[in-house]
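Subject: Structure handover

Hi,

Here is the structure I promised to pass on to you. Have a look at it first, and then read on for what turned up.

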Amino acid sequence: MPEKGSESNRGRGNVYKDKEKPTSIRESNITAAKAVADAVRTSLGPKGMDKMIQSPNGDVTITNDGATILNQMKVLHPSAKMLVELSKAQDIEAGDGTTSVVVIAGSLLDAASNLLAKGIHPTQISESFRRAAVKSAEILQGISKPIDLSNKEALMQSAITSLNSKVVSQYSSILAPIAVDAVMKVIDPAVATNVDLSDIKVIQQLGGTIEDTELVEGLVFSKKSAGSGGPSKVEKAKIGLIQFCLSPPKTDMENQVVVTDYSQMDRVLREERAYLLNLVKQIKKAGCNVLLIQKSILRDALSDLALHFLNKMKIMVIKDVEREDVEFICKSIGCRPIASIDHFLPENLASAELVEEVVAGTSKVVKVTGAANPGKTVSILVRGTNKMVLAEAERSIHDALCVMRCLVKQKALIAGGGAPEIEVACRLMEYSRTLTGMEAYCFRAFAEALEVIPSTLAENAGLNPISVVTELRNRHVQGETAAGINVRKGAITNILDENVVQPLLVSTSAIKLAAETVQSLLKIDDIVIATR
């Protein structure tokens, strides 16, 4: 008998020991994820700081885009990696608000750890957070204002709001109209429900300033035309895109040709010359005067002799066209890629008013404009003084384009400046009073966690976060749904009067995705290392 008892005691002891483990795992997960959230917290909002990221090969990136910072950060802890994935998900879903979503997730984890300390079960917290996120989306829907895509002014304001928190914020008045026009040109505003951003090609070109950035209705190649002596401007162009080599044919296998005397050598060279001349003549016969050549893995896809003939026949050549650009080129100007010389026929060519080589900064670019049957595509030529500014300008334009895409997906705007988060927090607080038991606790914690956005905005702008958030809460309780933090004036004003607006989709997806990530982190009670 005593032996049995001791065995059961031992079993009980094991159960007791294991009780500690899930708690410590949860704590370590929450701590790691909060560390990531704290890293990007300072870069939130128009007065947020920028991060300088140095890659192992010495490249430097300066940015305050949450998705870019987290993507390049070396994160080892598995739960911290979930926050990196979270910002990627927000980047795909909305394109903007990538910093906010991580900051909200960090704050919700903080709230969850306090609730866990009170002894509330993780499943109960996770279920309540899910309901609170759904309720938040309803509240945001209620305070949003519908928008018409023909109202260009409202679209511009939301693009400017997105650009104001970027490194290139002083150029927002130049970049915002470009983003709006680009999106409007690739969609039909009456029926569109989404925007395919691959129809808008952003080309970076070093030299000049961001003010020189322009929207081109047509194609831009960031390289000059090949060869010297060929035309640099072609009007009434006929454009052909080829995917075959303009060089003497070679056998598929390694081989050796033994030439015994010079006359044979001469014949080989003559044959090559005749072969190339024949190819070029066929190209000319089809009426082509601008030739695009796809990049090939073979070194001599375009031999010097062929280039000489093409230049002689006044055919402009642009070589090394990337394989992934072929689809965009075909869509833009309506040509077909030609895989062999037999198919080089006039019907496979595209027509354009003008193809010209223009000087841009330190090098040249080739612009194709006035296509006869253009597709719904545009190109944005971004200019900048150095690589870092250029890359950041490109990311900022991408964010502005994503904001436009959000408005096309869900045609509604809400105020910015921390106003929606405080409004949701106040409404959830009210709602939590109608609930009973643990759920009321969890809803209250969720509401308080959302206040992190306005308090971080205030902190980054050098204001006192506690007094600002208290006054903001007070204003919202009195019914001022659009009261937000005006970082320029350092006070609380009606943020809609300042034209600080953002798409509804950015906020709803941020709260929904952050809550989902926190739910999945709370459900984890053990980390198992896989063998392979």
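One thing to keep in mind as you browse: this is a predicted model.

I began with strand 8, which spans residues 290-294. This strand is mostly covered, with five of its five residues buried. Its side chains go two ways: V290, L292 and Q294 point to one side, while L291 and I293 point to the other, and all are buried.

Strand 8 has a partner in strand 7 (residues 233-242), and the two pair in the parallel sense over four bridges. Strand 9 (residues 316-321) also pairs with strand 8, again parallel and over four bridges. V290 is a handy place to see both pairings: I239 stands opposite V290, and in strand 9 the bridge partner of V290 is M316.

The other spot I looked at is where helix 6 (residues 152-164) meets helix 7 (residues 172-186). Their axes come within 9 Å and cross at roughly 125 degrees. That angle lies between the perpendicular range, which ends at 115 degrees, and the roughly antiparallel one, over 145, so the two helices are oblique to each other. The crossing of helix 6 and helix 7 is right-handed. On the helix 6 side, the contact is made by K152, L155, M156, A159, I160, L163 and N164; helix 7 brings S172, L175, A176, P177, V180, D181 and M184. By type, the residues of this contact are ten nonpolar, two polar and two charged.

Happy browsing, and do write back with any questions!

Best wishes

Methods:
Residues are numbered from 1 along each chain as its sequence is written. This is a predicted model: local features need pLDDT of at least 70, side-chain atom pairs count only at pLDDT 80 or more; totals for chains, interfaces and linings use all residues. Side-chain values use heavy atoms; hydrogens and water are left out. Buried means under 20% relative accessible area, exposed over 50%, partly exposed in between (1.4 Å probe, protein chains only). Two strands pair if DSSP finds at least two bridges between them. Axes are lines fitted to C-alpha atoms, for helices over the stretch in contact, and angles run from 0 to 180 degrees between N-to-C directions. Angles under 35 degrees count as roughly parallel, over 145 as roughly antiparallel, 65 to 115 as roughly perpendicular and the rest as oblique. A crossing is left-handed if the near helix is turned anticlockwise from the far one by less than a right angle, and right-handed if clockwise. Contact means heavy atoms within 4.5 Å. Ala, Val, Leu, Ile, Met, Phe, Trp, Tyr, Cys and Pro count as nonpolar, Asp, Glu, Lys and Arg as charged, and the others, Gly among them, as polar.
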